[in-house]
Structures are given as structure tokens and as C-alpha cells.
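Here's a quick briefing to read with the model open in your viewer. It goes from the overall picture to helix packing, aromatic pairs and a few backbone oddities.

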Amino acid sequence: MRKKGSKTAGRHPTIEIYTHFSSHCMFRIFPTYPIWATNQIKSISHYNPSDSSPSLAASLTLLSPPNPLSSSLVDRRFGEYNSSIESRVSGGDQLKIAEGNSPWLRTTNNHVGRQFWEFDPNHGTSEEISEVEKARENFRIHRFEQKHSADILMRLQFAKENPCNLDIPQVHVKDEEDVTEEMVTNTLRRALSFHSTIQAHDGHWPGDYGGPMFLLPGLIITLSVTGALNAVLSKEHQREMCRYLYNHQNKDGGWGLHIEGHSTMFGTGLTYVTLRLLGEGAQDGDGAMERGRKWILDHGSATAISSWGKMWLSVLGVFEWAGNNPLPPEIWMLPYMLPIHPGRMWCHCRMVYLPMCYLYGKRFVGPITPTVLSLRRELYSTPYHEINWNHARNECAKEDLYYPHPLVQDILWGFLHKVVEPVLMQWPAKYLREKALSTVMDHIHYEDENTRYICIGPVNKGYNGSQLWDTAFTIQAIIATELSKEYGPTLNRAHMFVKNSQVLEDCPGDLASWYRHISKGAWPFSTADHGWPISDCTSEGLKVALLLSKLPSDLVGEPIEARRLYDAVNVILSLQNADGGFATYELTRSYSWLEIINPAETFGDIVIDYPYVECTSAAIQALTTLRKLYHGHRREEIEDCIDKAARFIEKIQAADGSYGSWAVCFTYATWYGVKGLVAAGKHYNECAAIRKACNFLLSKELASGGWGESYLSCQNKVYTNIGDDRPHVVNTGWAMLSLIDAGQAERDPTPLHRAARVLINSQMENGDYPQQEIMGVFNRNCMITYAAYRNIFPIWALGEYRCRVLRSK
């Protein structure tokens with residue numbers, strides 16, 4: 001492995017396109033291509049934006065052998081797209097799992113968890129192609145009511161490969177009818193039978209992990225400025241990307257930060273540019289492009305795009321770097337003892353701004369093509385050469401402004417822009433700039449190489465899924481039903497995936513110099529190749545490994561060795577903060593006041609790694625489960641950790657009894673809060689926090705039964721029902737699990753019976769559950785899809801209800 005500061009010869013660009021299963025496009029593509037291209041760029045001369053020559057491409061040194069993105073590579077990876085999608089009558093797309101024969105791919109475990117779509121011109125009958133086209137058209141027609149893909153293409157494929165022949169009749173509970181154990185058991189068997197058919201052969205459950213609208217533009221802009229767009233993406237790829245973007249245009253002509261969000265300049269500006277780079281004309285899309293441009297101009301033009309958008313447009317050459325607030329790479333050379341050092345920031349934050357620093361320091365601009373020149377006219381109401389770029393630095397559309405800059409930040413950026421940057425751009429201070437850029441590039445390479453070029457995501461490359469996370473939840477849901485013996489093969493495959501997904505080694509070199517935490521024994525959010533250790537993922541991985549070890553090995557496979565469990569415990573214990581709480585990837589390394597310099601107007605709570613109830617609760621649950629089976633292992637440390645963590649959960653509870661951070665929102669975090677306290681040995685009668693949490697949840701139950709929480713709860717931090725007060729199967733599942741754990745059945749089971757009725761009656765004819773509103777979030781303001789939740793949590797809640805409510809009755 002390359003040592004810090006050394007050079008690596010022969011580094012190759014790795015192109016990895018992960019797909020999300022969509023009915024609105026034949027294959028939605030998610031990038032893990034290095035979207036800032038900084039690991040591709042070794043020598044970039046300063047480019048004069050006024051020069052319209054496209055010769056800048058010649059100054060990019062792509063570290064690859066001749067023609068690495070040749071059509072042969074694309075054909076092997078993505079299939080041959082030779083015929084028009086609109087007109088072909090044969091050929092189809094297949095979901096591929098745990099495959100990767102390309103020499104450009106790197107893996108630690110034979111690509112376990114990898115998922116992508118591949119077009120095969122010889123696959124599929126005309127009837128099957130017609131079925132896909134019908135699904136896509138149905139999505140287009142109803143795109144404003146149902147904005148999620150619902151994994152329809154994936155489900156169509158699995159329905160053919162793994163038919164679910166249910167001989168159990170669908171259950172419907174009438175309003176005046178009691179819910180019986182037989183009704184619940186039949187519903188569970190139907191749900192589990194279906195969910196088993198959409199499990200991949202490597203043991204995980206594939207699914208859509210989409211939602212944000214600003215990730216795909218990064219891929220397209222990068223491929224455009226590096227001249228690789230048409231080499232990497234076939235015309236059919238590009239056409240389907242356009243279909244996806246058109247399908248998610250809002251009625252007002254704009255695009256949102258995420259698929260359910262209101263239109264923003266960030267979403268609209270980047271999407272409009274992306275469509276233009278993909279070959280769409282300014283009048284194309286049956287008026288869609290004109291409506292998009294009108295939205296941009298009506299809301300202040302692209303000068304009002306948020307800071308991340310300014311950066312992307314600057315790289316493309318349709319925005320001036322003078323219109324960006326400074327991101328000096330020299331910050332990486334500050335002493336680590338300073339609270340503002342990037343190494344003390346949340347890893348997602350520093351990994352986003354790491355390559356941004358490089359691009360800003362280089363003032364990189366791609367080739368000025370005719371399309372770029374045209375965009376300079378289309379995006380602004382003022383002639384490009386007359387725009388006041390200094391004023392544009394702090395301009396942001398009100399639709400984008402979630403976290404307004406405080407005055408101190410404007411003063412800081414102004415000082416850096418007017419005083420510091422002019423000095424650093426001149427000799428002799430320019431020597432410091434070059435040294436800083438070299439340091440930043442070393443960190444970029446380290447991240448690329450130690451994640452097999454996937455990177456932490458979701459912004460700097462694009463998260464490659466939620467495979468481990470969903471699988472761990474699914475295992476717990478199945479075990480909770482007490483029907484494990486009937487679904488042994490499903491659990492066996494899932495167990496295999498969990499074992500294959502554990503991170504077995506720390507990253508190489510001096511971890512402190514790379515600002516990395518230990519990872520040996522951890523579980524990641526997605527795949528072992530991703531590799532970043534996460535506190536709650538490690539805890540959930542450890543917990544299910546322990547739960548599965550209690551089941552017969554001839555049913556679920558051999559348990560994980562004790563030494564690997566101990567490695568996971570070591571990671572968990574190492575991640576507890578002094579206040580007892582657990583953050584996400586690392587210890588909390590700096591102070592919450594640092595949020596005052598959060599430059600991202602669109603997101604909140606991004607600067608440091610805050611401790612969360614979800615991460616803390618997961619750690620408690622894992623350690624208490626381990627304590628029962630390995631009670632002698634680090635006993636005192638574990639006891640102390642659990643006690644401190646429980647006190648933290650009690651301390652951070654809101655006055656109304658709720659918790660709220662990740663997912664949507666209060667129902668989810670309150671479930672974790674209650675579950676953690678119960679696991680720590682707390683009880684409803686003697687724990688005020690549990691009582692307050694239960695009262696909070698009961699106060700939000702809908703009159704029709706169940707719970708339905710809107711993503712607006714995340715944005716506004718005020719509990720908000722879904723429109724028309726409709727229940728959501730996932731929120732209902734979380735609330736049920738909380739109340740069952742807290743002993744609600746002993747006090748008044750009526751709310752649980754009503755909620756169970758909602759879940760039973762929501763089940764579809766084939767045993768699936770419907771795709772409803774979005775249920776994931778990051779940084780308060782951007783939503784993300786967890787497609788498997790709609791299956792997992794009704795199963796889990798009804799399983800607990802069957803065994804702990806109906807049976808106890």
C-alpha cells in the first residue's frame with residue numbers, strides 16, 4: 001500500500017455504476033465514479049474561463065492505460081445497448097448480484113452485496129418487454145402521486161426467477177372484528193414467503209436507495225469535463241437518465257432536493273444542466289426544458305444556487321470561481337489541536353469538502369464547449385460577463401435556504417476571499433498552496449484505495465446501497481415472528497451475507513495521520529468493500545450474529561467465531577463518547593459551536609459527528625445481547641458502557657417525550673430510545689423517559705389507527721402527519737414495536753390492536769406491502785429511500801404482536 005506522501009504509478013480509474021430499481025426508467029444509474037475527478041487529475045494548469053478553447057482536456061492526466069473506458073469494457077459491464085428503448089421488441093435488463101469480472105473492479109470478498117443492472121439484447125420475450133414498458137408508462141402517468149420506483153423492475157424479475165405461489169388466503173379485518181392469532185400468522189406467512197423471493201442469492205435484499213436529486217448531476221458533469229461521457233454511458237444509458245429526470249420534474253417546472261421535495265435552485269439548476277449535457281435541447285422534453293429554465297430565471301437565476309451547486313457549475317464552466325466562497329486546501333495543514341481542523345469534522349463533511357478544496361485550490365474548469373457557452377446564456381437573466389460574482393458568493397434562493405449563513409460566516413468568507421486568497425495565489429505563498437494541494441490529493445487517494453473506489457458516500461461518490469443495514473433488520477424481523485424454522489434457507493443465506501460483510505482489517509498505515517478510526521470487526525452500512533465502520537451498523541451486525549448463533553446451525557449455518565464477535569465489541573466500546581452517547585462513524589472530535597461555519601445552506605448538522613439516540617441504543621442492544629451469551633468478556637467495561645449510554649438516552653429526550661434524528665423521524669428515533677432503555681433494564685413503571693415516550697407516541701396515533709409521519713418532521717423538527725392523516729406501514733411498525741417493548745399490552749392493548757389491523761389490511765394480494773412516502777433522511781433536509789422498510793417493519797411489528805400481545809392475552 002502506498003505510504004503517505006508517496007506516488008503511485010499506474011493507478012487506474014475505476015468506474016462503478018450502481019443501479020436503483022425503477023419502473024420510471026429502465027435502469028436508474030447511481031455513480032461511484034470519482035465525481036470530482038480529483039483522483040484522475042494529477043496536473044491541471046490554471047485555466048482562463050474567458051478562453052473558449054476546449055484544450056483543457058489535454059492538461060488532464062488520466063492515470064490509466066490507453067482507452068480504459070472503451071466500448072468493450074462498457075459492453076462487458078453494462079451489456080450492449082444497440083437498439084432504441086422505445087422501439088425494441090426483444091432484449092431486457094437483468095439485475096446482477098455479487099458479480100464483477102472486470103479487471104478495473106476491486107473487492108475483498110468476491111463482490112458480495114454488489115448490485116447492478118445489465119442489458120442483455122437476447123433476454124426477455126416480447127411479452128416481458130411489453131410488461132416493463134407498461135410499468136414505465138404507468139409510473140409516468142401517476143408520477144405526481146407516487147414518486148418512488150417501488151422496485152417494480154426488480155420485483156418483476158424476481159417474480160419470474162423465484163415465483164411466490166401463495167396458498168394462504170389474504171386476510172382482511174373488519175372494523176368491528178377482533179384480530180386473532182390465526183389472522184396475524186397467516187399475514188406473516190404471506191409476507192415472509194413473498195419477502196424470501198426477493199432475497200438475492202448472496203443473502204441480502206436488493207432495493208432502491210435513491211431519493212436525492214443532486215447526485216446524478218455530479219456524475220454527468222464529471223464525465224463531461226473529463227471527456228468520458230459517451231465512452232462510459234451509451235446513448236441508451238443517457239436516454240434512460242433523461243427519462244428519470246423528466247419523471248421527477250415538479251408541476252411548477254422545477255426539481256427538488258429530493259424526489260418528494262419542493263423545487264429548489266440546487267435541484268433545478270443541476271438537473272437542467274444535466275439534461276443539456278445529456279443532449280437535450282433547450283426546447284426539448286415537450287416543454288419540460290422550457291419550464292425548467294423559466295423556473296430558474298423566475299427565482300433569481302443560477303447565481304442563487306446554493307454553494308454545492310456553485311461548485312459544480314464552476315467545474316463545468318458556467319459559473320465563475322470568483323462567485324464561490326473560499327475553500328482553501330491549506331486548512332488541511334493546520335495543527336490537529338485546533339477545533340476547526342478537518343480531521344475533527346464529521347467524516348462525511350470532510351470527505352465532501354476534501355475534493356472541493358482541491359478543485360477550488362486549482363480553480364479547475366472543464367473545456368468550454370458550445371453547450372457550456374449556451375448554458376451561460378440560458379441560466380442567467382443578466383449577460384454572463386456582467387454578473388457581479390462577488391455578490392453571487394452569498395446569494396441563495398429562499399427555496400434552498402435551510403441553514404442561513406450567520407454574520408460571522410459572511411465576515412470569514414469575505415476575509416478569506418479578499419485578503420487571504422490573493423496572497424496564496426502569488427509567489428512565494430503559492431508554494432504553500434501547492435503543498436496543501438499535494439496533501440489533499442494524498443488523502444483523496446487514501447480514501448479511494450481503502451474503499452475500493454466506492455468511497456464513503458453518498459455525496460462524494462454515491463452510496464452503494466443499504467445492504468447490511470436492511471439485512472440485519474430483516475433477520476431480526478424474521479426471528480421475532482418465531483417462524484424461523486419455516487424460513488431456514490432465507491435465514492441461512494442472510495447469515496452468510498452478514499458473515500461475509502464484516503470488516504476484517506483496519507485500514508493500513510498510521511490511522512491517526514489519515515484521521516481514521518479502527519475498523520477491524522466492524523460492520524458497514526452497505527458492503528465490506530465499502531468498509532467504513534459505523535457504530536449502529538456494527539451493533540446491528542453483532543446483534544444478529546448473536547441471535548443467529550442461538551438457532552440450530554443446521555438451520556441457519558455455523559455461527560461466527562467468538563474472536564470476530566470480540567473484535568466487534570472492541571469497535572463498539574471504542575466509539576463511546578465521554579457523555580455516554582455514540583456518534584455515527586467516529587468519536588465526536590470537536591464542538592457543536594463549530595456548526596456556525598457550516599457553509600452548506602441546504603443541510604443542517606453536518607460539521608461534527610454528533611451523538612445520536614439511534615447509535616447509542618443500538619450499542620446498548622448489542623452489548624446486552626452479548627452479555628447474555630459471553631458474560632465474562634470485558635464484563636466491567638460493558639456494564640459501564642451500558643449504564644452511561646442509558647443515562648445519555650434519558651438525558652437527551654425532548655420535553656414532550658420524543659426523540660428525532662435519522663429516518664422519519666420521531667416514530668423511528670423514539671422506537672430506538674425505548675428499545676435501548678428497555679434493553680438496559682429500564683421499565684415503564686420506574687422510568688420516566690419510557691413513560692413520556694409512550695405518551696408521546698399514543699398522542700400521535702391516528703383516529704383510523706396506526707401512525708403516518710411526514711418527512712416534514714425532519715425538516716421542521718415538529719411532528720407532522722402525512723397528508724390526509726393517512727397511516728404509513730413503516731411508521732406504524734415503529735410505533736407498535738416501541739409500545740410492545742414498553743409493555744403497552746399490559747396496560748391497554750387497544751392501540752396495538754388498531755395498528756395491527758392497519759398492517760394486516762395494508763398487505764397486498766401477493767404478500768408484498770405498498771410503497772408509500774419516503775422514510776429516510778440525512779442531515780435533516782434531504783430524504784432518501786429505504787425500499788425494504790415497507791416489508792421489514794410490518795413483519796417485525798406483527799411478529800412481536802403475535803408473540804408478545806396475542807399469546808400473552
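Let's start with a ring: Trp671 is buried, and its relative accessible area is just 1%. Keep in mind that this is a predicted model. Trp671 turns up again below, both in a pair with Phe793 and in a cluster of linked rings.

**The chain overall**

- The protein chain has 29 helices and eight strands.
- Of its 809 residues, 65% are buried.
- Take the contacts with a separation of 6 or more: 76% of them are between residues 24 or more positions apart.

**Aromatic pairs**

- The count of aromatic pairs comes to 42.
- Phe666 and Tyr719 make one of them: the ring centres sit 6.3 Å apart with the planes at 35°, so this pair is tilted. Tilted is what's left between stacked, under 30 degrees, and edge-to-face, over 60.
- Phe666 belongs to helix α23 (residues 666–679) and Tyr719 to the loop between α25 (712–716) and α26 (729–741), so the pair ties together parts 53 residues apart in sequence.
- Both partners are buried, given the cut-off of under 20%: Phe666 comes in at 7% relative accessibility and Tyr719 at 14%.
- Trp671 and Phe793 are an edge-to-face pair, because their planes stand at 80°, with ring centres 5.5 Å apart.
- That second pair also links distant parts of the chain, with Trp671 in helix α23 and Phe793 in helix α29, 122 residues apart.
- Phe793 is buried too, at 0% relative accessible area.
- Which residues do ring pairs link into a cluster? They are Tyr209, Trp469, Phe473, Phe525, Tyr668, Trp671, Tyr672, Trp734, Tyr786, Tyr789, Phe793 and Trp796.

**Helix α16 against α29**

- Two packed helices are described by the angle between their axes and the distance between the axes.
- For α16 (residues 467–480) and α29 (residues 789–806), the axes come within 8 Å and cross at roughly 25°.
- Why do α16 and α29 count as roughly parallel to each other? Angles under 35 degrees fall in that class, and the crossing here is roughly 25°.
- The crossing of α16 and α29 is left-handed.
- On the α16 side the contact is made by Trp469, Asp470, Phe473, Thr474, Gln476, Ala477 and Ala480. On the α29 side it is made by Tyr789, Ile792, Phe793, Ile795, Trp796, Gly799, Glu800 and Cys803.
- By type, the residues of this contact split into 10 nonpolar, three polar and two charged.
- Some names here also belong to the ring cluster, among them Trp469, Phe473, Tyr789, Phe793 and Trp796.

**Helix α16 against α18**

- α16 also packs with helix α18 (residues 535–549), at an angle of about 35° and with the axes 9 Å apart.
- The crossing of α16 and α18 is left-handed.
- From α16, Leu468, Trp469, Ala472, Phe473, Ile475, Gln476 and Ile479 take part. They meet Asp536, Cys537, Glu540, Lys543, Val544, Leu547 and Leu548 of α18.
- This contact of α16 with α18 breaks down into 10 nonpolar residues, one polar and three charged.
- Trp469, Phe473 and Gln476 of α16 are among the residues that touch both α29 and α18.

**Backbone spots to check**

- Most residues other than glycine have a negative phi, and most peptide bonds are trans.
- The peptide bond from Trp427 to Pro428 is cis, with omega near 5°. Pro428 is in the loop between α14 (407–424) and α15 (430–450).
- Ala663 has a positive phi, near 60°, and isn't a glycine. Ala663 is found in the loop between α22 (635–652) and α23, and counts as buried at 5% relative accessibility.
- Asp725 is another residue other than glycine with a positive phi, near 50°. Asp725 sits in the loop between α25 and α26 and is partly exposed, with a relative accessible area of 44%.

**One more loop residue**

- Phe214 lies in the loop between α4 (181–197) and α5 (216–225) and is buried at 4% relative accessible area.
- Phe214 and Thr268 are 54 residues apart along the chain, and their C-alpha atoms are separated by 9.2 Å.

Methods
Residues numbered from 1 in each chain as written. Predicted model: local features only at pLDDT ≥ 70, side-chain atom pairs only at ≥ 80, totals over all residues. Heavy atoms only, no water. Axes fitted to C-alpha atoms, helices over the stretch in contact; angles between N-to-C directions. Helix = DSSP H or I, 4+ residues; strand = E, 2+ residues; numbered from the N terminus. Left-handed = near helix turned anticlockwise from the far one by under 90°. Contact = heavy atoms within 4.5 Å. Nonpolar A, V, L, I, M, F, W, Y, C, P; charged D, E, K, R; others polar. Phe/Tyr/Trp six-rings, centres within 6.5 Å; stacked < 30°, edge-to-face > 60°. Buried < 20%, exposed > 50% of the residue type's maximum accessible area, 1.4 Å probe, protein only.
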